[in-house]
Amino acid sequence: MAASPTPKPTPPSKTPPTDTRGSLYNPAGWPGSPVALHLQAWATRTSFPDTAQIAVAYSGGADSTALLHAAAAQWPGRVTAIHIHHGLQAAADDFVRHCEAACSAIGVPLHVVHVEAKNASGESPEDAARKARYSALAGKALELGTPLVALAQHADDQVETLLLALSRGAGVAGLAGMPAEFERFGVRFVRPLLDMGAQAVRDELAVRGIGYIDDPTNSDLAYTRNKIRHRLLPALREVFPHYRETFARSARNMALAQESLAQAATELIATVGNPPNIALLQSLPRASQGNLLRHWLKTQFGATGSEAQMNELLDQIADCTNCGKGIRIKVASGFVERRSAVLTFSTGSPPI
């Protein structure tokens, strides 16, 4: 691939640049880089086909910039970039211009998708934006015939996720953190850099003089994640220098435990039925009932109930000893109800 027309490298940017044609792009140098080594390790583990196409979720930030450059060098002609335009910031159009220039400089096609995320009642704007982003990424990837999307989350993002989960009293599923691979909306999402620290990614860009966007919201301490990043992680690093590795190991152990729980729940649902038969549910230990119902609600309806909601549901199931006993419990954004001999879930409003 030809070098950029302007040989002078552009240092990593702290503001959204509108043109990165001066950025140093040396595809021959990427294969041995730490980012590329993580990509290669992922490709080896998953037997990534030699001719497969891959899309990179590209925000223009440091992490996705490093991932995009390394992927483009690793698999020339097989990489596409997808940029999600949320329209939530005044600088969003500047971000697009930066991404267009950066992709043009390295010969990678860029597709910009505009989304409007509206949070439902009880849903945070951040959660709504995340769901909209995944839906948009999946939709565009399928449209392009590239049902594989690489995300640039790294080890520090995983630590932040685990700390947030702990702060919310999450169970095994929450403490498993972000999976290295998952499927959503018919698309396979992968996180090749999940074992790599954030500073190592930025060091790679600094060595190569590659510019990137530093989103101003990343320093806004109104967001809990930013408080963790800027205040808590430095303290963790001082007390536990290897916290990234140990947290990652804990997340992997929790993921294995969650896999076992999901398998057990799947086997029980095959016996109890889908939707679950109340009488058959009552024959199970309470812990098994809870595991089955959490799995059923999550996999069938995308609903995750709070501890209080699930305990109330289990209490009412235990008290359901006659045909006239009704059940209607608020769980997540819907309601678990009794319909004759089984439980159902709906998002309808409660009766007046």
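**Exercise 1. Work out how strands E1 and E2 pair, and in which sense.**

Step 1: find the strands. Helices (H or I, at least four residues) and strands (E, at least two) are DSSP runs, numbered from the N terminus. That puts E1 at residues 54-57 and E2 at residues 79-85.

Step 2: check the bridges. Two strands count as paired if DSSP finds at least two bridges between them; E1 and E2 have four, in the parallel sense. Ile 54, for instance, has Val 79 of E2 as its bridge partner.

A quick note on what you're looking at: this is a predicted model, where local features need pLDDT of at least 70, side-chain atom pairs count only at pLDDT 80 or more, and totals for chains, interfaces and linings use all residues. Residues are numbered from 1 along each chain as its sequence is written, and side-chain values use heavy atoms, with hydrogens and water left out.

**Exercise 2. Follow the chain out of E1, and see what sits around this strand.**

Step 1: look at the two faces. Ile 54 and Val 56 are buried on one side, Ala 55 and Ala 57 on the other (buried means under 20% relative accessible area with a 1.4 Å probe, protein chains only).

Step 2: trace the connection. From E1 the chain goes through helix H2 (residues 62-74) to E2, a right-handed β-α-β crossover. Right-handed here means that, with the strands pointing away from the viewer, the path from the first strand over the helix to the second runs clockwise.

Step 3: try the other neighbour. E4 runs parallel to E1, joined by two bridges, and Ala 55 stands opposite Val 149 of E4.

**Exercise 3. Write down the strand order of the open sheet and explain its edges.**

Step 1: the six strands go E3-E2-E1-E4-E6-E5, with mixed pairing.

Step 2: E3 (110-114) and E5 (181-184) each have a single partner strand, so one side of each lacks a neighbour in the sheet.

**Exercise 4. Test whether the span of helix H9 fits its residue count.**

Step 1: get the expected span, which is 1.5 Å times one less than the number of residues. For the 30 residues of H9 (243-272), that gives 44 Å.

Step 2: compare. The end C-alpha atoms are 42 Å apart, which agrees.

Step 3: list what's buried. Among the buried residues of H9 are Tyr 243, Phe 247 and Ile 269. Just after H9, Gly 273 takes a positive phi of about 105°.

Note on methods:
Buried means under 20% relative accessible area, exposed over 50%, partly exposed in between (1.4 Å probe, protein chains only).
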